[in-house]
Amino acid sequence: MKSAFALSGLLAAALVASTAVNAQTTLNVATAGDQNMVDYINEYLGPMFEKQNPGVKVRAVGTGAGDAGSQKVFERLDAQAKANAPQWDVDVAVVHQKITGKLVTDKLLANYRSTIETAPLVTNANAKAALGTPVEGYVMPMFNSQTAIAYNPDIVKNPPATYDELVEWVKKNPKQFGYNGIKGGMSGVSFVMGWMYAYGPDAKKLENGPFEADLVKSAGWTDAMGKLKEFNKNVTFTPGNAGTLDMLNRGEIAMGPVWVDMFYSWKTEGRLNPSMKLKLVGPGMPGQPMYYVVPAKAANADLAKKFVALATSPAVQAEGVVKRFNWYPGIDAKHVQANLDAATWQKLFTDVTPEELATKGRSFPVGPYFDAILESYERQGASN
Amino acid sequence: MPSRALGLSLVAPALLTVAIFFIYPLGYSFVSAFSTSSGWSLANLQKAVELYRDDILFTVVIVGLSTALIGLCSIAIGGYLTLGENPRAVAVLKFLYRWPLFIPFIVAGQLMRTFLAKNGMLNNTLVSAGLLTPAETISLLDWRGIVITFVWKQTPFVALLVAGAMASLDRSTIESARNLGASRLRILWEIVVPQVRASLTVGLTLSFVTMMSVLSVPLMINAQSPTTITANMAFRINAYGDYGVANALGVISILLTGGVAWLYLRQASRDKGRAFS
Amino acid sequence: MSTVPLSARLPVPEGLSRSGLDLLKRWMRPLLRGLALGLLAFAIFGPILNMLLWTVAERWFFPNKLPSQWGFAFWGRVFSPRGNALESLTTSVGIALGVVVLSLALAIPAGYALARLKLPARAFILLMFLVPQAFPNLPVYMNIARLFYEVGLNGTITGVILVHTVHGLVYAVWIATAAFAAVDPSLEEAARISGAGPTRTFRDVTLPLALPGLMASAVFVFLESLDEFTATFFVGAPEVNTLPLLLYTASAGGNYQIASITALILLVPSIGFMLLVERFLRADVLAKVGQ
């Protein structure tokens with residue numbers, strides 16, 4: 001037993017000592033989102049960057065899915081800022097919109113976009129503002145994601161095209177529609193946001209601002225929330241984004257809101273029946289980009305910018321973002337389409353056409369309305 | 001060196017480690033719970049209670065229920081290991097019951113997510129065995145799933161302590177009761193359990209405290225509202241960036257668990273005192 | 001208050017003779033026993049079996065009761081050179097062992113003091129160790145990370161070991177206290193009377209007798225460390241890469257294949273460590289835990 005003790009002590013000591021210095025530079029990338037985000041760097045982007053920059057090693061850390069993952073990135077940078085660390089241990093971060101606004105207002109990011117060559121390839125409004133907070137110069141979109149309603153075509157012969165039709169269908173088929181509320185993940189949150197766009201007062205103001213506290217107290221708002229509470233009586237609640245896909249897969253529900261890219265990856269990885277389809281219901285459902293950001297005191301800022309430039313180049317966006325991972329490109333579509341064959345491009349739009357995307361693909365409400373909707377939902381005890 | 005000083009200096013390294021690396025950072029959380037942008041206030045606590053009163057009750061009820069069930073299962077397992085008369089059955093039980101101990105909570109949540117679903121393995125097996133029709137299957141992915149997962153994961157820990165305590169009992173009282181014709185169930189309940197009460201309560205206290213702080217299991221299994229305190233803390237931080245209310249919820253949680261632990265320790269020292277009187 | 005056994009009070013069904021009832025009784029008991037054990041085995045191994053199926057499933061979706069395509073493709077992904085699985089595993093196990101060493105080093109003197117010596121506010125001290133488990137850790141880790149950044153402990157294995165230790169110390173201290181309390185004081189007295197000094201007595205008499213209990217606490221501390229994700233992320237990543245980090249992202253994202261494979265890999269050191277110290281989990285020590 002004594003020797004076992006000594007051995008474990010030695011092993012631990014060796015490990016402590018072995019946080020040894022690497023002869024090469026390490027680029028640290030922290031990415032929120034699912035495992036496929038980490039895979040993207042480990043399997044595709046990382047090796048490519050390393051080949052172009054010998055002596056550099058790319059190290060990816062996944063911080064977890066959804067806003068929770070982005071929150072963790074924020075907390076790391078915030079902790080280092082408050083500790084007055086001279087250099088921070090994250091060089092590139094990939095985060096969601098909500099936290100990006102906070103990162104910019106708290107001055108945790110570098111204004112780098114103008115210094116990279118791919119900067120002019122993005123003209124979308126979401127590169128200028130994140131949920132209403134101006135972020136121009138601090139971000140480059142990595143990809144765009146969209147939510148839609150996934151359905152089982154064997155059970156649902158005529159999928160609803162609007163929220164109204166959906167409400168009708170759910171009334172006739174109780175418990176066959178499932179979503180994860182607002183605490184389970186962003187697909188549920190986006191369904192609720194889409195609901196407010198459909199039934200709440202002044203959808204345009206919700207999406208673009210400015211924020212007026214009166215709107216939250218208005219009758220239209222309360223009505224919409226009340227309708228949602230009614231609607232919730234006939235739904236099945238699912239445990240998370242994965243939960244919705246799970247239950248859809250097992251035939252426990254026939255329809256549910258999902259992230260389009262998550263939908264496609266589950267199909268590719270054999271966890272979802274290939275026959276499932278998508279429908280983007282009107283007047284619209286939100287989607288959001290994920291951003292590449294460079295922390296203000298990143299240890300390897302120049303390398304970080306090179307990395308982002310590579311990641312947002314048309315070739316990589318075509319091969320990596322669209323072809324391998326079924327995401328909508330972050331830079332303008334026209335730059336990417338030229339690098340892909342027609343078949344691959346079309347695959348992106350099998351269930352949701354570019355026109356539908358253009359008219360019904362919305363962004364999330366601006367920050368204060370976003371929070372207000374969540375809080376009203378909570379207060380109403382709208383059942384989840 | 002006087003015994004008191006020696007005692008304190010021996011405990012000091014462990015205490016200091018906890019104090020510096022947890023209690024001190026925890027202080028910031030407490031400050032955050034009791035202050036808003038305008039200084040000290042109880043607003044966060046008020047908001048926490050106002051929005052999450054049902055959830056707090058829910059958490060206490062399901063963790064309490066889980067603890068009670070764990071107690072019963074541990075007594076049953078320990079009892080059979082001590083009083084069981086078929087050596088092969090005892091050996092099988094000994095082999096079986098420890099396995100969930102090695103499964104981390106997040107893995108347990110993962111396992112149960114597919115096991116307890118409407119068309120999950122549990123229901124599929126029941127249907128294949130002809131005990132249920134597909135239409136009758138129910139999904140256990142709600143508060144029942146949380147309780148099942150907690151009981152599944154924590155019972156081996158408490159059973160280990162309880163079985164150990166039972167095995168070290170003086171068998172003469174058990175033997176004489178058997179000779180008088182008492183059933184084994186009665187022996188278990190009236191003779192064995194009172195003597196291992198101390199081990200049982202410490203295992204249950206530690207389990208209660210651990211379960212109150214688990215985040216992964218409720219997130220992965222419970223889709224419904226109400227949900228647990230920890231899930232709400234995570235939601236508060238991730239959706240609103242609201243550390244004040246999240247920390248206030250944490251304060252409520254530690255008051256609950258601290259209260260339970262304090263009751264246990266007082267009871268334990270009272271028992272000790274009684275033994276010497 | 002009747003002492004007549006239950007079985008004798010059962011009504012005898014018509015047509016069944018006395019000996020027939022005895023035969024039924026003789027078969028009923030083993031049958032019930034077998035059934036109970038079978039159900040228990042299903043309850044324990046059913047979910048685990050489900051996980052095992054996912055480790056070798058390449059395609060599995062409803063309505064198939066079993067995977068439609070089997071294979072080890074996902075093992076390839078987990079163990080890919082960039083997947084870091086082996087490195088993460090070694091790091092995780094190394095950290096867990098380090099945590100065990102540090103916890104015991106802190107808990108042995110503390111446990112001895114709490115068991116043998118008169119201490120003021122004994123209950124309060126015991127409660128202090130409970131606090132890291134009692135306050136849900138999510139909001140605290142940010143503060144811990146800040147502290148660690150200030151002292152340069154962030155991203156180091158030492159830092160991760162410290163945080164895991166703090167978390168598991170309640171098991172180490174409470175169980176160590178029990179282990180020392182279980183040692184018969186008269187044995188120590190005998191050694192002292194024979195002329196041994198206090199340190200020698202402790203080293204040669206008390207410690208070996210308490211060792212089984214200390215090994216029990218080692219098991220629990222080891223398992224706690226392997227289970228820990230949030231602490232390791234805040235304090236260790238990206239330099240320190242552990243398997244729970246991989247497991248967490250895969251599991252929360254619904255990537256069942258990778259989650260199950262990582263879980264299976266994590267099981268190996270857990271069970272290995274348990275088998276190693278199994279013979280120390282003795283009854284009389286476990287009896288005195290928490291007293």
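**Close-up views of a predicted three-chain model**

**View 1. The interface between chain C and chain B.** In this predicted model, 87 residues of chain C are in contact (heavy atoms within 4.5 Å) with 88 residues of chain B. About 7,800 Å² is buried between chain C and chain B, and 78% of this lies on carbon and sulfur atoms. Buried area here is the accessible area (1.4 Å probe) that two parts lose on being put together, summed over both. Of the area that chain C buries against chain B, 7% is supplied by C:Pro47, C:Phe135 and C:Pro136, more than by any other three residues.

Residues are numbered from 1 along each chain as its sequence is written, while chains are lettered from A and ligands numbered from 1 in the order in which they are written. Local features need pLDDT of at least 70 and side-chain atom pairs count only at pLDDT 80 or more, whereas totals for chains, interfaces and linings use all residues; side-chain values use heavy atoms, with hydrogens and water left out.

**View 2. Polar pairs and composition on the chain C side.** Between chain C and chain B there are zero salt bridges (a side-chain nitrogen of Lys or Arg within 4 Å of a carboxyl oxygen of Asp or Glu). Seven residue pairs, both at pLDDT 80 or more, are in polar contact between chain C and chain B. A polar contact is a pair of N or O atoms within 3.5 Å; within protein, one must be able to donate a hydrogen and the other to accept it, and residues adjacent in sequence count only if both atoms are side-chain atoms. Helix α2 (residues 18-55) of chain C gives the largest share of the side that touches chain B, 17 residues. Helices (H or I, at least four residues) and strands (E, at least two) are DSSP runs, numbered from the N terminus. The side of chain C that touches chain B has 65 nonpolar, 13 polar and nine charged residues. Ala, Val, Leu, Ile, Met, Phe, Trp, Tyr, Cys and Pro count as nonpolar, Asp, Glu, Lys and Arg as charged, and the others, Gly among them, as polar.

**View 3. Strand β6 of chain A and its partners.** Strand β6 (residues 140-151) of chain A has 12 of its 12 residues buried (under 20% relative accessible area, 1.4 Å probe, protein chains only). β6(A) pairs (at least two DSSP bridges) in the antiparallel sense with strand β11 (residues 285-293) of chain A over six bridges; A:Pro141 has A:Tyr291 as its bridge partner. Strand β12 (residues 328-329) of chain A runs antiparallel to β6(A), joined by two bridges, with A:Asn144 opposite A:Tyr328.

**View 4. Further along β6(A).** Five bridges pair β6(A) with strand β9 (residues 255-259) of chain A in the antiparallel sense, and A:Ala148 stands opposite A:Val258. Strand β10 (residues 277-279) of chain A is also antiparallel to β6(A), with three bridges; A:Tyr151 stands opposite A:Lys277.

**View 5. The interface between chain A and chain B.** Here 23 residues of chain A are in contact with 28 residues of chain B. The buried area is about 2,100 Å², with 50% from carbon and sulfur atoms. A:Lys183, A:Pro239 and A:Arg250 lose the most area to chain B, together 28% of what the chain A side buries.

**View 6. Charged and polar pairs between chain A and chain B.** Five salt bridges are counted between chain A and chain B. B:Arg236 and A:Glu378 meet through their side chains in a salt bridge (3.3 Å, N to O). The polar contacts number 12 residue pairs. On the side of chain A that touches chain B, α3 (66-82), α10 (241-249) and α17 (367-379) each supply at least two residues. That side divides into seven nonpolar, five polar and 11 charged residues.

Terms used
Buried means under 20% relative accessible area, exposed over 50%, partly exposed in between (1.4 Å probe, protein chains only).
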